[in-house]
Amino acid sequence: MRIVPVLTLILAVATARVAKTESPKEVLAQINKDSFGNSVLSVLQLQLATGGPVGEIQILLNNIASQLNGDQKKADKVHESDTVAFEKIIADLEQEIAYHQSQIVALSNLRDSTTEALGEAEAEVRVVTSDIANNERSFADESATRQSQHETWVRKDAEHVDQMDAIDEASKIVQHLQAGVAFAQLKSRFEKVQAKLMESKHALFKPLINALTQLASKVDNKSIIKILELLAQIRQQLVASRASLLATEERQAANWEVQSGHLQEEHKRLVERKAFLENSIVQFKVTIQEAVEDLEDQTLFLEDAEDSLAIQERWAAEQESQYEAQTFEREQQLEVVERLQEVLTQKMSAASEFLQIREEVF
């Protein structure tokens with residue numbers, strides 16, 4: 001019954017700071033301003049008037065002070081534990097935020113560098129595609145040139161063979177004439193050879209054609225010998241010319257083999273390069289898409305972590321504010337208890353003194 005009024009009294013004056021230089025009368029006057037304090041003082045006065053011991057009131061005040069100190073120690077322990085837990089949570093969230101930030105930077109760099117590489121690859125594909133077209137065009141042109149060279153050689157070689165056959169036939173006819181065969185017997189063969197030589201329209205055969213024409217009108221040994229020498233010279237020239245054409249054909253064929261090999265190797269290299277670039281472009285696009293998606297995820301994760309950090313900081317601030325408020329309240333309450341103890345110690349060692357002060361104040 002005695003504890004409740006005292007507790008009520010202490011809580012009622014918890015918000016009222018009093019200077020330590022105030023007199024007991026002033027302290028009691030402040031307490032009496034509160035209705036609960038007035039009631040407590042009335043109860044205390046009644047108890048003292050009926051012989052209730054002042055020591056019990058001191059014991060109650062001591063118990064209250066002990067309880068307040070105990071509550072504060074518990075609050076300090078909880079606050080310390082909460083602070084450690086909060087600091088761990090904050091450290092974890094800050095580490096998570098730093099991780100997401102680093103991931104965002106890395107993914108942004110990956111997206112940008114890959115986008116740049118994609119542009120370069122696409123530009124190079126266009127160049128390589130053009131190079132392939134030029135290579136194929138060059139191969140077709142050079143192949144056509146080579147085919148024309150070969151066909152020219154075939155045609156000229158055939159002409160040389162025909163001309164050499166004609167020369168050989170003419171030599172046989174002239175040799176027959178030299179052996180005494182009548183021209184009339186050889187006339188048909190002579191005219192065919194003469195016509196074939198005239199068809200060639202080669203300047204090399206002009207002296208021979210003139211000599212054979214003269215021989216057709218007059219056969220003599222001197223003319224025959226001269227014609228045979230001329231035929232031998234012409235044949236040697238034809239053989240040399242044919243050999244030169246063959247050498248040229250072989251040289252051109254060898255050159256084309258080397259050139260075509262180079263063109264084909266270059267074409268293979270370009271085609272492989274184009275395939276590599278096209279595959280790289282596909283991979284670049286996939287990488288960019290994945291980087292963009294991962295970047296969006298990391299941004300959301302970062303926002304969530306920052307929101308969680310803000311919530312934890314607000315919660316910690318609220319807990320700290322509540323802890324400080326409760327600590328302040330207990331300090332006020334302890335101050336009130338100390339004031340009451342001081343009043344009881346100084347002026348209330350006996351019931352008469354308390355009653356006297358009570359009557360003087362009120």
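**Packing, salt bridges and the largest pocket**

In the predicted model described here, Trp256 is buried, its relative accessible area being 16%, which places this residue under the 20% limit that separates buried from partly exposed positions. A search for aromatic pairs returns one such pair in the structure, and Trp256 is one of its two members: the ring of Phe139 lies 5.5 Å from that of Trp256, centre to centre, with an angle of 45° between the planes, so that the arrangement counts as tilted. The partners belong to distant parts of the chain, Phe139 to helix α4 and Trp256 to helix α7, with their positions 117 residues apart in sequence. In contrast to Trp256, which is buried, Phe139 has a relative accessibility of 25% and therefore counts as partly exposed.

Charged contacts also connect these two helices. Nine salt bridges are found over the whole structure, and among them is the pair formed by the side chains of Arg273 and Glu124, with an N to O distance of 2.8 Å. Because Arg273 is located in helix α7 and Glu124 in helix α4, this pair ties together parts of the chain that are 149 residues apart in sequence. Arg273 is partly exposed, at 29% relative accessibility, and Glu124 is likewise partly exposed, with a relative accessible area of 29%.

A further salt bridge joins the side chains of Arg242 and Asp157, for which the N to O distance is 2.6 Å. Here again the arginine lies in helix α7 and the acidic residue in helix α4, so the contact ties together parts that are 85 residues apart in sequence. In this pair Arg242 is partly exposed, with a relative accessible area of 32%, whereas Asp157, at 13%, is buried.

The salt bridge between Glu266 and Arg269, whose closest N and O atoms are 2.8 Å apart, is formed within helix α7, where the two residues are separated by about one helical turn because they stand three residues apart. Both members count as partly exposed, Glu266 at 31% relative accessibility and Arg269 at 44%.

With regard to nonpolar packing, the largest nonpolar core comprises 20 residues, and those with the most contacts inside it are Ile167, Leu197, Leu208, Leu212, Ile227 and Leu231. Two or more residues of this core are contributed by each of α4, α5 (183-200), α6 (206-217) and α7, and the greatest contribution, seven residues, is that of α4. Separate from this set is a second core of eleven residues, which includes Phe86, Leu93, Ile104 and Leu309. Such groupings may be read against the general tendency of nonpolar side chains to be buried together in soluble globular proteins.

The largest pocket contains about 230 Å³ of space. Its lining consists of 13 residues, of which His79, Asp82, Gln319, Glu320 and Tyr323 lie nearest the centre of the pocket. The elements that each supply at least two lining residues are α4 (54-178) and α7 (221-347), with α7 providing the largest share, seven residues. Classified by residue type, the lining has six nonpolar, five polar and two charged residues. Helices α4 and α7 thus appear together in the pocket lining, as they do in the aromatic pair.

How values were computed: Residues numbered from 1 in each chain as written. Predicted model: local features only at pLDDT ≥ 70, side-chain atom pairs only at ≥ 80, totals over all residues. Heavy atoms only, no water. 1 Å grid on protein atoms, 1.4 Å probe; cavity = no way out; pocket = protein on both sides within 12 Å on 5 of 7 lines; lining within 4 Å. Points joined across faces, edges and corners; volume = space filled by probe spheres on them. Helix = DSSP H or I, 4+ residues; strand = E, 2+ residues; numbered from the N terminus. Nonpolar A, V, L, I, M, F, W, Y, C, P; charged D, E, K, R; others polar. Phe/Tyr/Trp six-rings, centres within 6.5 Å; stacked < 30°, edge-to-face > 60°. Buried < 20%, exposed > 50% of the residue type's maximum accessible area, 1.4 Å probe, protein only. Core = buried A, V, L, I, M, F, W, Y, C linked by side-chain atoms within 4.5 Å. Salt bridge = Lys/Arg side-chain N within 4 Å of Asp/Glu carboxyl O.
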